[in-house]
Amino acid sequence: MRVYLETFGCQMNELDSELVRSNLLSLGYSFVDRPDDASVILFNTCSVREQAEQKAWSRIGIVGQRKKAGEKLILGVLGCMAERDGLDMLRRHPQVDILCGPGELDRLPHLLGNMRSITDDRPARADRVALAGNSNRRTATLEAAQDGLEALDLSRSFDPAHSLAGKASAYVRITRGCNKFCTYCVVPHTRGAEVHRPPDHIVDECKRLADQGVIEVTLLGQTVNHYRYTHGRALTIEGLELPQVGPGLSAFRTPLGGASAGSGAAGDRTTTFADLLFRIHEEVPALQRIRFVTSYPRDFSDEALKVMAQSPRICPYLHAPAQSGSDRILKLMNRGYTVTQYLEFVDRAFKIVPDLSLAGDFIVGFPTETDADFEATCDLVRRVPFKNNFIFKYSPRPGTVAYDRIPDDVPDEVKRWRNNRLLAIQSERSAEVHASWVGRTLPVFFQDTRSIRRAPIAAGAALVGATIEGLAPATQPAPEVNGIGSWQAIGRTAGDLIVAVPAATVADADALVGSIRLVRITESGDLLLKGQFA
Ligand code: SAH
Ligand code: SF4
Ligand code: F3S
């Protein structure tokens, strides 16, 4: 069976798609690059904003037309939209055959197997749907439920051709789900409770990836610094460690760092986020770059920052979204910190980690956000040296607390204006941050090749996907192209700054992809740095 798989949404989804792909390949499915060539079409979807859902709906509509025209296709909707919409999607969109939530992806081969026997009759709904919300897994313990999913992560076979744009780079999950329940966010509803993977599994996965030529891993978790694994609590009958439900936010009420770090409340041995970073750095020396996203701005221990500072292959990069610069809005968002606490965290991080780069996210137009609240957000962006920020217009998501309790009262044109205004301020900030790197010589990991007839912004967008999304104002001035060859090799510094280096031919630029080279930074703009080989 020929499968077309398209992915929407965040890095978690990209990793899930990679796992689904390698799982189905091992079962004899083949993959094609165009939906027209496929008999199985899978969309791995995102629900975080309405716009993300719209993209998937339009694809689902197109498949519906093909099916109406008589083509025999299997359409599977995977991921967060499947989980959020649930059976409603099947009722309203009968062309959807399979629904599989992000916490049930290990069951996808089974669902596809059920469908493969289709003639004109479809299998019963129960044989086509796997969602956490209606699953009988609820009756089992969450640890056991995660076992199949864990097997999916562990069975991964790294496929460089389908990894991140920059080959040699891979994602490794450390935590699933989220316990934070920010009032605007669907993720805790679609991905479920926070579950931490056993450190041995994570380290083994990193080692296997390194053996296959990966030199950069990005550790994934929605609040990645909340990683904490208490040993000896969740074990199989054979005594092997299992994924473990997160301790909840109360675990972080005791002061982080100092004597308490590294040991659980009851004296159990605990692997903290700092311990995990250290282990990966020490035990997988072939990894040149170790990064992690997304950091929650509270509960980030000095220990973790010190491990970053002292481990040369852990990237001095934090993606720590502030979301708003107004305490009143932060409270309504249930973010759990004030602007002062955010600033304290950032100050601490810049003090402890030399050459740190910081990125983040903001939501504009959250319900009740006034001009003064928005000004406070602008002030925060002016004050903190963010290298870039994703900026999103608030999108009300059914099922979230904000959707139910706080009317979406900021008009769309105001949201749009605030979005553009904040992008413009961020753009100045980015230009300042970038300018401070001119004259330095830095290792750059090359991951893409571009003709500079294309605007550099497009190059950046292709390279880092969403990373640049929030940074690009709609009306970008035409890029300055004089004095540079017609090809560029595009890469990133350890701090995740985008660097373009001229190359004489496309072959020269391509030859650099996957390697780390020293580059002297000669120029800077708001979107990227330019340089020459040192
Ligand atoms: N776990 C990460 C974020 C995951 S979602 C964190 O807490 O930082 C990625 C980003 O999408 C969020 O940081 C937020 O800025 C944005 N986002 C989430 N829900 C949104 C909504 N309903 N409307 C607009 N933006 C949203
Ligand atoms: Fe969503 Fe908040 Fe969890 Fe991030 S921390 S995934 S924004 S609920
Ligand atoms: Fe989207 Fe789900 Fe990721 S909602 S942002 S795909 S966790």
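## A tour of the ligand sites and their surroundings

Begin by selecting Gln323, which sits in the loop between strand S15 (317–319) and helix H11 (327–332). Keep in mind as you look around that this is a predicted model. With a relative accessibility of 7%, Gln323 counts as buried, because the cut-off for that is under 20%. Check its backbone too: phi is positive, about 75 degrees, although Gln323 is not a glycine. Most residues other than glycine have a negative phi.

**Stop 1: ligand 1**

Gln323 leads straight to ligand 1, since it is among the residues that come nearest to that ligand, together with Gln222, Pro321, Asp361 and Ser395. The shell has 15 residues in total. By type they are 6 nonpolar, 4 polar and 5 charged.

Which atoms should you pick out here? Try these three pairs:

- Asp361: an N or O atom of its side chain is 2.5 Å from an oxygen atom of ligand 1.
- Gln222: here a backbone N or O atom lies 2.8 Å from a nitrogen atom of the ligand.
- Arg49: a polar atom of the side chain is 3.0 Å away from an oxygen atom of ligand 1.

On its own, ligand 1 has 540 Å² of accessible area, and the protein covers 90% of this.

Now colour strands S16 (357–364) and S17 (386–393): each contributes at least two residues to the shell of ligand 1. Then colour by domain. Why does ligand 1 lie between domain 2 (140–315) and domain 3 (316–436)? Both domains give residues to the shell, so the ligand is placed between them.

**Stop 2: ligand 3**

Keep Gln222 selected and move to ligand 3, where Gln222 is again one of the surrounding residues. Add Cys10, Asn13, Cys46, Ser47, Val48, Cys80, Val186, Val187 and Arg191 to complete the set. This shell divides into 6 nonpolar residues, 3 polar and 1 charged. Which domains supply it with at least three residues each? They are domain 1 (2–130) and domain 2 (140–315).

**Stop 3: ligand 2**

Gln222 and Val187 also belong to the surroundings of ligand 2. Select them with Cys178, Lys180, Phe181, Cys182, Tyr184, Cys185, Pro188, Thr223 and Arg335. Here the shell is made up of 7 nonpolar, 2 polar and 2 charged residues.

Zoom in on Phe181, in the loop between S8 and H7. Like Gln323, which has a positive phi, Phe181 is a non-glycine residue with a positive phi, in this case about 50 degrees. Is Phe181 buried or partly exposed? At 43% relative accessibility, Phe181 counts as partly exposed.

**Stop 4: Thr183**

Next, select Thr183, in the loop between strand S8 (175–176) and helix H7 (187–191). Thr183 is buried, with a relative accessible area of 9%. A polar atom of its side chain lies 2.7 Å from the backbone oxygen of Leu332. Show the contacts of Thr183 beyond four places in sequence and you will find Leu332, Met333, Asn334, Phe366, Thr400, Val401 and Ala402.

**Stop 5: Glu83**

Move to helix H3 (residues 80–85) and pick Glu83. This glutamate has a relative accessibility of 12% and counts as buried. What does the side chain of Glu83 reach at 3.0 Å? It is the backbone nitrogen of Ala132. Beyond neighbours within four places in sequence, Glu83 is in contact with Gly101, Pro102, Leu131, Ala132, Gly133, His189 and Thr190.

**Stop 6: Arg228 and a cis peptide**

Arg228 is found in strand S11 (residues 228–230). Its relative accessible area is 13%, and Arg228 counts as buried. Draw a distance from Arg228 to Ile174: the C-alpha atoms are 9.7 Å apart, although 54 residues separate the two in sequence.

Then go to Val293 and Thr294, which are joined by a cis peptide bond with omega at about 0 degrees. Thr294 belongs to the loop between strand S14 (289–293) and helix H10 (302–310). Most peptide bonds are trans.

**Last stop: the whole chain**

Finally, zoom out. The protein chain contains 18 helices and 22 strands, and 56% of its 534 residues count as buried. Among contacts with a separation of 6 or more, 76% are between residues 24 or more positions apart. If you switch on the surface, its accessible area is about 21,900 Å², with 52% belonging to carbon and sulfur atoms.

Methods: Residues numbered from 1 in each chain as written. Chains lettered and ligands numbered in written order. Predicted model: local features only at pLDDT ≥ 70, side-chain atom pairs only at ≥ 80, totals over all residues. Heavy atoms only, no water. Near = heavy atom within 4 Å. Polar contact = N/O pair within 3.5 Å; in protein donor to acceptor, adjacent residues only side chain to side chain. Areas by Shrake-Rupley, 256 points an atom, 1.4 Å probe, with all protein chains shown as cover. Helix = DSSP H or I, 4+ residues; strand = E, 2+ residues; numbered from the N terminus. Nonpolar A, V, L, I, M, F, W, Y, C, P; charged D, E, K, R; others polar. Domains from an automatic or database assignment. Buried < 20%, exposed > 50% of the residue type's maximum accessible area, 1.4 Å probe, protein only. Contact = heavy atoms within 4.5 Å.
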